[in-house]
Structures are given as C-alpha cells and as structure tokens.
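User: Hi! Could you walk me through this structure with me asking things as they come up?
Analyst: Happy to, fire away.

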Amino acid sequence: INAEYGVFSLLPGNHHLVFHLRAVCSMFVICRTRSCWGGFYRRCYSTDTSGLKKRLSQLIPEKQAEVVAVKKEFGEKVIHQVTVDQAYTGMRDIKSLVTETSLLDSNEGIRFRGYSIPEVQEKLPKSNGGTEPMAEGLFWLLLTGEIPTQSQALGLAEELNNRVNIPRHVISMIDAFPEHMHPMTQFSAAVLGLQTESIFAHKYNEGISKKTHWDYTYEDSLNLISSLPTIASRIYNNLYRNRKHIPSNPKLDIGANYASMMGFTNPVFCDLVRLYLVIHSDHEGGNVSAHATHLVGSALSDPYLSFSAGMNGLAGPLHGLANQEVLRFLHHLQKDLKGEVTNDQLAEWCQKHLASGQVIPGYGHAVLRKTDPRYTCQRNFALKHLPNDPLFKLVSQLYEVVPDVLLKAGKAKNPWPNVDAHSGCVLQHFGLTQENYYTVMFGVSRALGVLASLIWDRALGFPLERPKSITTEWIKNNKNWY
C-alpha cells in the first residue's frame with residue numbers, strides 16, 4: 001500500500017491476502033474521502049505531539065475575553081488621525097490593524113511577541129549542534145507569546161516532519177514548469193496546487209461553527225508550513241541542480257532539512273538558514289505580504305489561497321525582491337571599483353551614483369529610524385564565520401560610508417541599512433548564488449509569521465476587511481470631512 005499517492009499494489013495469486021487488503025483499502029478510501037477534501041492525500045488531523053495546539057486552545061479564550069474588554073473600554077477612542085497625504089502615499093504609518101505576533105518600533109526594530117532579535121537568539125531553543133534558534137521555536141513563540149522548552153521545540157519539529165505530504169499533482173506541476181519561469185511564480189503556484197488539501201475549505205463547505213474556524217485554519221497552516229521546504233527545494237533543484245533531488249530527513253529541524261534538500265551540508269550554512277528563517281518571519285501586519293495574507297484571509301479564503309496571495313506581494317520589486325536589487329548593485333560596484341578602495345573613494349562613487357538619479361538599495365526603511373537589527377545579527381554572523389569574504393568586506397565598508405552620504409544628500413529620513421543590505425552576501429559566500437531564488441527562501445520564512453497571524457485572525461473572529469475609499473473630487477468638494 002502506497003498511502004502517499006493512494007496507490008495499492010497487490011501480489012497476484014495471494015487471494016486470501018487480496019481479500020483482506022481489499023477490505024482494508026475500502027475502509028481506508030472511505031475514511032480518507034469522507035474526512036478530507038484532498039482525497040487520499042491528507043489526514044484531517046495530525047496528532048498534536050508537540051502540545052502546541054493544546055496550549056493554543058487554552059490561550060484563545062483568555063485572549064478573546066481580553067479583546068472583548070479592550071473593545072468595551074476603548075472602542076470609541078481614536079487611534080489615529082488620517083491625513084490626505086497618507087491617503088495618497090500608501091497609507092504609511094496609519095494605525096488601523098491589529099496584529100498580535102510582532103511590533104515594529106522605529107528605534108528598536110522588530111519585536112516578536114515583545115522579544116528583540118538578540119533576545120530571540122539567546123532565549124529560543126537550538127537544535128542539537130546548532131548555534132542559531134530553531135524556526136519551530138519561533139513559530140511557537142509567535143502563536144503563544146511563550147518561549148518554548150527544548151522538548152516542545154523538538155516535538156514541534158517532529159510533528160511538522162510527520163505532516164509533510166505532497167500530493168502527486170503538485171510534484172508533477174512543479175516538474176512541468178518551464179525553466180524560464182521565475183522561482184517565486186513557481187512557488188506561489190505550487191502553494192495554490194496544495195489547496196486541494198485544505199481542511200478548512202472542505203469543512204466550511206460542509207457547514208461549521210465560526211468558533212471552530214481557528215481549528216481548521218491551524219491544521220491547514222501547520223500542514224502548509226511543513227510542506228514549504230520540500231516544494232521550495234524541489235524548485236531549486238529543478239532550476240539549479242539538474243533535477244537532482246534529496247529526500248527529506250525527518251530527523252532534522254526545518255532549517256537544516258531545507259538546507260539539506262537543496263544539497264548543502266555545511267553545518268554553518270544550516271545555522272545561517274535557521275537565522276534567515278527566524279529574522280525574515282514577521283514584520284508587523286502592514287507590510288505587503290502580511291497584509292495581503294490577512295486581507296484575503298478575511299474573506300474566509302483558506303490558508304493556501306491566503307498565503308499564495310501574500311507570496312504574490314512578496315514577489316514584487318519593492319518588497320521581497322529588494323535583496324536581489326542589493327546584490328546587483330554590489331556586483332556592479334565591485335566591477336566598477338576593480339578592487340579595494342578607500343572610504344573617501346567609495347563615498348565619491350556613491351555621491352556620483354546618487355547624482356545620476358539612481359538609488360543605493362538596502363538603505364532606509366518606511367518605519368525604522370536606526371540600523372535594522374536584522375542587518376546587525378547577519379553582520380555579527382558574518383564577522384564570526386566569513387570576516388575576510390570580499391563581498392562582506394564591501395558591505396561593511398558601505399555601512400561606514402553610505403549613511404553620511406545619504407544624510408548630506410538629503411535622500412533619506414533613515415540613512416541606515418535594512419535587512420536586504422546584508423542577506424545576499426552571506427548566502428553567496430556559502431554557494432547559494434542564484435539571487436532569483438532568494439525570495440523563495442524569504443517566503444518559506446514569512447509563512448511562520450503570516451500564518452500564525454491568520455490563525456489568530458480566525459480565533460478572534462476578525463471580520464471581512466473593507467476600508468472606505470474616496471476620490472480626489474470628494475476631497476476637493478466635500479466640506480464636512482475636515
């Protein structure tokens with residue numbers, strides 16, 4: 001019995017065996033098709049071996065009561081005044097969303113459930129032999145607000161490994177994609193292909209209580225998170241490793257397993273992937289990928305549809321593709337400089353570059369007003385593991401030069417580097433040089449944050465999101481709005 005693809009092979013002549021296998025297979029088919037829209041491919045409920053779902057079910061009533069009390073006490077209070085400029089400029093800084101998983105402070109950077117990145121690096125469990133936090137531990141933190149124990153994080157890693165189950169049609173679809181299709185297009189399409197496995201969609205069609213929405217969203221989200229490294233690595237191997245695939249290793253955590261399936265065995269690189277997954281996971285709810293996931297989910301689209309929407313946003317040049325822009329800039333700079341230069345020479349080059357109407361990518365942020373802590377932790381990783389790498393040395397030199405250049409040119413309110421200014425150079429050092437693929441890694445990471453938020457959206461009963469829009473004529477002619 002090949003349960004993975006729903007295929008049953010019987011030896012001819014063993015009639016007694018065939019009789020019993022037919023009975024078992026009939027029961028198996030009935031059970032699977034009645035319990036799950038995806039047919040043979042997925043159990044409706046995976047065992048909560050980590051205890052995460054049980055803990056979440058204890059926290060949800062407390063949070064629901066807290067939100068009811070907050071709305072009762074503060075429901076009529078004004079959070080923010082919106083200006084016309086903000087309405088025209090991407091709704092920047094408008095406080096109009098509630099996202100429990102993280103909060104971005106303009107001076108301190110991102111905090112995951114109140115913990116800074118250095119605190120997360122220190123407090124979250126590490127895998128055996130690893131020095132960076134496990135992504136599983138971060139997901140536990142984002143969902144519960146609690147630092148998991150080593151046993152809980154490892155239990156979640158085991159549970160996620162047990163949930164991995166990619167249906168045949170998704171594998172066939174990925175393998176059929178043309179090589180010129182961008183990796184992010186393939187990734188988003190593969191996620192949509194997995195939607196056949198959605199428990200939420202099936203149960204919603206059956207008719208379920210609103211109180212159980214979070215339950216099925218949780219199941220879909222964990223099943224999806226468990227599948228992402230496998231589909232992401234298959235895309236990588238198809239495009240860059242002549243379709244040489246490496247099986248998943250159920251003994252590894254997500255970060256190490258993802259690295260392994262892409263053909264990387266260096267334990268330092270495994271730690272880098274763990275760090276990458278943690279720091280790119282969440283950044284409040286207003287960024288494009290997080291907001292798109294939340295927005296589509298508010299229509300009660302299942303986690304597969306919602307996450308794919310978020311990934312289409314992440315694929316944009318102004319969001320997830322920004323690290324590619326940085327790498328292209330760095331390679332162009334290396335070619336132009338033809339070797340090491342002084343800080344004064346580098347500053348002169350940057351000034352001319354700005355004067356020509358071009359930008360220095362990787363610097364500035366819509367919210368942050370200091371160096372991005374995600375940049376700093378990658379810099380510390382590089383100082384420890386690749387201090388003499390030429391590309392890293394150039395990145396470090398830019399860090400010394402660019403902020404002053406930008407300030408003097410009046411080009412940025414925040415002249416300090418963001419996460420994208422650094423992530424590409426460390427990946428390049430370890431041999432992951434295919435910059436078009438980097439956003440797929442970003443997507444695997446971002447799932448941890450946006451899906452944790454989506455579970456809480458359903459647990460708190462957030463309604464359909466429907467802001468009011470206006471027209472330029474309304475602004476000009478309506479005398480009551482101000």
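**Asp-48 and beyond**

Analyst: Let's begin with Asp-48, which counts as partly exposed because its relative accessibility is 25%; buried means under 20% relative accessible area, exposed over 50%, and partly exposed in between, with a 1.4 Å probe and protein chains only.

User: Before we go on, what kind of model is this?
Analyst: This is a predicted model, where local features need pLDDT of at least 70, side-chain atom pairs count only at pLDDT 80 or more, and totals for chains, interfaces and linings use all residues. Residues are numbered from 1 along each chain as its sequence is written, and side-chain values use heavy atoms, with hydrogens and water left out.

User: Thanks. Where does Asp-48 lie?
Analyst: Asp-48 is in the loop between helix 1 (15-35) and helix 2 (52-74). Helices here are DSSP runs of H or I with at least four residues, strands are runs of E with at least two, and both are numbered from the N terminus.

User: And which residues does Asp-48 touch?
Analyst: Not counting residues up to four places away in sequence, Asp-48 touches Lys-53, Lys-54, Glu-159 and Tyr-218; contact means heavy atoms within 4.5 Å. A polar atom of the Asp-48 side chain lies 3.0 Å from the backbone nitrogen of Lys-54. A polar contact is a pair of N or O atoms within 3.5 Å; within protein, one must be able to donate a hydrogen and the other to accept it, and residues adjacent in sequence count only if both atoms are side-chain atoms.

User: How far is Asp-48 from Gly-155?
Analyst: In space they are 9.1 Å apart, C-alpha to C-alpha, although 107 residues separate Asp-48 and Gly-155 in sequence.

User: Lys-53 caught my eye. Which residue does it meet in a salt bridge at 2.7 Å?
Analyst: That is Asp-215, with 2.7 Å from N to O. A salt bridge is a side-chain nitrogen of Lys or Arg within 4 Å of a carboxyl oxygen of Asp or Glu. This pair links distant parts of the chain, with Asp-215 in helix 10 and Lys-53 in helix 2, 162 residues apart.

User: Are those two buried or exposed?
Analyst: Both Asp-215 and Lys-53 are buried.

User: How many salt bridges are there in the whole structure?
Analyst: A search finds 19. One of them joins Asp-271 to Arg-274, with the closest N and O atoms 2.9 Å apart. Those two are three residues apart in helix 12, so about one helical turn separates Asp-271 from Arg-274. Asp-271 and Arg-274 are buried. There is also a network of salt bridges that share partners, made up of Lys-53, Glu-159, Arg-163, Asp-215 and Glu-219.

User: Switching topic: how many aromatic pairs does the structure hold?
Analyst: It holds 11 aromatic pairs. Rings of Phe, Tyr and Trp (its six-membered ring) pair if their centres lie within 6.5 Å; planes under 30 degrees apart count as stacked, over 60 as edge-to-face and the rest as tilted. Take Phe-187 and Phe-307: their ring centres are 6.4 Å apart and their planes sit at 85 degrees, so this pair is edge-to-face. Phe-187 belongs to helix 8 (residues 183-193) and Phe-307 to helix 14 (residues 303-314), so the pair ties together parts 120 residues apart in sequence. Phe-187 is buried at a relative accessible area of 0%, and Phe-307 is buried at 0% relative accessibility.

User: Which residues form an aromatic cluster?
Analyst: Tyr-236, Tyr-240, Phe-264, Phe-269, Phe-430 and Tyr-437 form one. Within that group, Tyr-236 is buried at 3% relative accessibility, and Phe-264 is buried with a relative accessible area of 12%.

User: Back to acidic loop residues. Where is Asp-372?
Analyst: Asp-372 lies in the loop between helix 16 (343-355) and helix 17 (373-385). Asp-372 is buried, with a relative accessible area of 0%.

User: What does its side chain reach?
Analyst: The Asp-372 side chain reaches the backbone nitrogen of Val-419 at 3.1 Å. Leaving aside neighbours within four places in sequence, Asp-372 contacts Pro-417, Asn-418 and Val-419.
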